[in-house]
Amino acid sequence: MANGLGRKSLKRKQEDEDDGAFEQELRPNGTLEMLSDEEDDEDVSSDDGQLDAFPEIVDESDTDESEEDEGEEEEEEEKSEDEDEDEDEDESEAESDDSLHVFPKAKTVVSDITKQPKVVYPEIEPDYDSDSSTEEDPNRVGNIPMHWYDDLPHIGYDINGQKVLRPARGDELDKFLATVDDSSAWTSAFDKNTQMDKPLTSEELDIIRRLYAGENPDAGYDPYEPMTEWFTGKGKEEVMPLSGALQPKRRFIPSKWEKQKVMKIVRAIRQGRILPSKPKSTSKFEPYAIWSDPPSNHPPPLPAPKPPLPTNAESYNPPEEYLPTEEERKAWEAQDPEDRERDFLPQKYSSLRLVPAYDQFVKERFNRQLDLYLAPRVQRVKLNIDPESLIPKLPSPNSLKPFPNYKSLQFLHPSSRVRCISVSPDGAWVVSGDEDGNVSLWEIMVGREVKRWKFKGKVGALAWCPRIDVCYFAVGIEDTIHFLIPANIDSAILSLTQSVLAPTTLPPAPASPSPVKWTTPSSNTWSLDTPVLTIDLPASSGTPNHFCWHRKGDYLSSVCTGGVHGGVWIHQVTRRHSQAPFKKIKGSVQTVLFHPLKPHFFVATQQYVRIYNLSEQKLVKTLIPGIKWISSMDVHPSGDHLIVGGYDRKLCWFDLELSEKPYKVLRYHSRAIRSLQFHPTYPLFASSSDDGSIQVFHSRVYNDLMTDPLIVPLKILRGHKVVDGLGVLQIRWCNKHPWLVSAAADSSVAVWCS
């Protein structure tokens, strides 16, 4: 014990000596001393240079707790021994502590367990203005995950280790009644940490409103702000390392070699051996366009006044009534120049060479220059139109399939041009005729020839009857129309066809005789090589170059190259009667058509298309296509649209419900258009030309009258040769498939498939 006290006293003396030495070193620098309010100038050394020891706060208190560990009893015994050793020091320091009253006074009590005295401090009583005097932190369990205690009756432990029970929440009825009485209940939410309803702030309510509206929770977020190109542009490219190794030391240590090079350049600049680049002089005048400013939205300024045009008064030999009298001359000279009606007086000269120079010429030119100078230039608004925007936006051809796009097979005639073709209603057979009088029947699928007929003279036209219950076609030869029955047809269809073309009892003769004769050979001589029925046209009628069947298959219209009545005849098969619908017609008839739905008859001359009503026998409308020479035409299956082609390479699309002039004019062939046709079922039409090409178009017609037809070019089919200036002479569609059959001047017939 004595040794311990001696060591403490020595240590205390050393600290006092060190503090005294520190004060002696500090005072020469500054003589200011900090004194408390209770200390005077006289009693400065009241503590005799000693520091007050901080009182020890004993946390252990056995007044409230009944259980302590054995380790704590041993610590109490050691502390009691230390207190006996330091009792003298504490008594000496008690006097100074009592004078300060900084800490609450402690009481020394005897422990019930250890029977040893211990120091107990009273509880701290906070003042009224303290933050914790009127409220306490409701969360006494600390910052822990609250889901740990979801299935337990308590929500954690407080600082003393006591369980914090979960507050009662009540049932749903209590919650509802609480919300009825509390007007701010709808703006509050349950907080798990505090286990109570917490009112939401205006910022949190705004976030909830934004989330409910599907907006970004951040009020300062701008969804339309311009995108920042972080890695676009020169010097902004993102360079990715090829490896994850650490950078070598030379990357971030300055290079000595570069330092030497830079210093060498610096010395040269200081010595004048290297001259820096001189700044560019801006004294040179750079012209610019003063009228190149962008046009403004303000109304344009008034233009400069135009000089008046000369009249008779300015003439060197004006009429007498323009010459002033002597009184008028004196009155004009007496007026001021600003009040005069004219700046000159008319004078008369006998010849132009006697007219003197105009004395006011320079003055007038100067005044005119002032007018032009003071009047600003008129701004003319220029339309900036992108040429690409003028091109219509058409759908892709791939989305408009099917349409023919390749040559499937080719059928060759012996040597001459193939003028005409026709496809059967079932789409299985094709009949073609050439200028040598050969008519060939072949299959459209494989191109195999089944039958061939030979006639005298060239074949001008072919047309298959549209009826399905019978099977025959018409062939136009010089002044004659033959009706042939193909081979390899069903016996029932064959017997019905023979009864239609050659009935056992002939119909009665018409009241008005016709120059056209119908002849049928005897049934004993019938064969597949000879026609069953023949129509003899009047003499000098020429070769029929066009046939057109009515949709019911009873009427056949033919157009010949010569003869009376314009060469147009309508033949009725069941009555075996022919009639000419026109007594006389203006112009040369090129082609005719039956309307698919109405009793209308289209007649195309060289420059006009006339529409007649056959039932009422009157002219309905005259179409003006603007073509010099019409070559072909076809009507849409709906009956509301008509296309007309001409030898001047034009194709006109007519909307029969609108104007008599074409709705659209197309010019895409380089030579004359020979043939064109609508597809019976698909929204397609095609045209052939002497340039050897076939143009296929998508043509969709809408039931809505306010919607224009959609015309889209799809494909250009090339495969025929141009012979003697003639190309593809005729085209026909297959009824049930998007296939096209074409006849050309190179003695070939091609089938184009999709």
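So, ten helices and 35 strands: that's the secondary structure count for this protein chain. Keep in mind that we're looking at a predicted model. The chain has 754 residues, and 29% of them are buried. Its accessible surface comes to about 52800 Å², with 52% of that belonging to carbon and sulfur atoms. As for how the chain contacts itself, take the contacts between residues at least 6 apart in sequence: 48% of those join residues at least 24 apart.

Okay, on to the inside. Which residues have the most contacts inside the largest nonpolar core? They are Phe601, Phe602, Val603, Val609, Leu642 and Val644, in a core of 27 residues. If you want to trace the core on the screen, go strand by strand: S19 (568-572), S21 (591-594), S22 (600-604), S23 (609-613), S25 (630-635), S26 (641-646) and S27 (651-655) each put in at least two residues. The top contributor is S22, which gives four.

Let's click on phenylalanine 601 for a second. Skipping the neighbours within four places in sequence, Phe601 is in contact with Ser557, Val568, Ile570, Phe582, Val592, Leu593, Phe594, Arg610, Ile611, Tyr612 and Leu614. And there's a second core, separate from that one, with 24 residues; Ile481, Trp549, Leu556 and Val573 are among them.

Now a tryptophan I'd like you to find. Tryptophan 453 sits in strand S11, residues 449-454. Buried or exposed? Tryptophan 453 is at 2% relative accessibility, so it counts as buried. Again leaving out residues up to four places away in sequence, Trp453 touches Gly437, Asn438, Val439, Leu441, Phe473, Leu484, Ile485, Pro486, Leu528 and Asp529. One of those, leucine 484, is 31 residues away along the chain, and the two C-alpha atoms are 9.5 Å apart.

Next stop, serine 748. That's in strand S35, residues 748-753. Serine 748 counts as buried because its relative accessibility is 0%. Its side chain makes a polar contact of 2.7 Å with the side chain of aspartate 746. Beyond the four-place window in sequence, Ser748 contacts Gln410, Phe411, Leu412, Val418, His720, Ser742 and Ala743.

Right, charges. How many salt bridges does the count come to? It's 13. I'll walk through a few.

Start with aspartate 690 and arginine 674, where the closest N and O atoms are 3.0 Å apart. This pair ties together distant parts of the chain, 16 residues apart: aspartate 690 is in the loop between strand S30 (684-689) and strand S31 (693-700), while arginine 674 is in strand S29, residues 673-678. Look at how covered each partner is. Aspartate 690 has a relative accessible area of 6%, so it's buried. Arginine 674 is at 22%, and the cut-off for buried is under 20%, so arginine 674 goes down as partly exposed.

Then there's a group rather than a pair: Asp206, Arg209, Arg210 and Glu215 are joined into one network by salt bridges that share partners.

Two more pairs. Aspartate 469 and arginine 467 bring their side chains together in a salt bridge, 2.8 Å from N to O. Aspartate 469 is partly exposed, at 36% relative accessibility, and arginine 467 is partly exposed too, at 22%. Over at lysine 618, the salt bridge partner is glutamate 616, with 3.2 Å between the closest N and O atoms. Lysine 618 is at 46% relative accessibility, so we call it partly exposed. Glutamate 616 gets that label as well, at 49%, and exposed would need over 50%.

Last thing, back out on the surface. Which residues form a nonpolar patch there? Leu173, Phe176, Leu177 and Val180 do, and together they have about 410 Å² of accessible area. Zoom in on leucine 177, which is in helix H4, residues 172-181. Why does leucine 177 count as partly exposed? Because its relative accessibility is 44%.

So, to put the stops side by side: a core of 27 residues where S22 gives the most, a separate core of 24, Trp453 and Ser748 both buried, 13 salt bridges, and that nonpolar patch on the surface with Leu177 in it.

How values were computed
Residues numbered from 1 in each chain as written. Predicted model: local features only at pLDDT ≥ 70, side-chain atom pairs only at ≥ 80, totals over all residues. Heavy atoms only, no water. Patch = residues over 30% accessible without salt bridge, like charges linked within 9 Å, V, L, I, M, F, W, Y side chains within 5 Å. Areas by Shrake-Rupley, 256 points an atom, 1.4 Å probe, with all protein chains shown as cover. Salt bridge = Lys/Arg side-chain N within 4 Å of Asp/Glu carboxyl O. Buried < 20%, exposed > 50% of the residue type's maximum accessible area, 1.4 Å probe, protein only. Core = buried A, V, L, I, M, F, W, Y, C linked by side-chain atoms within 4.5 Å. Contact = heavy atoms within 4.5 Å. Polar contact = N/O pair within 3.5 Å; in protein donor to acceptor, adjacent residues only side chain to side chain.
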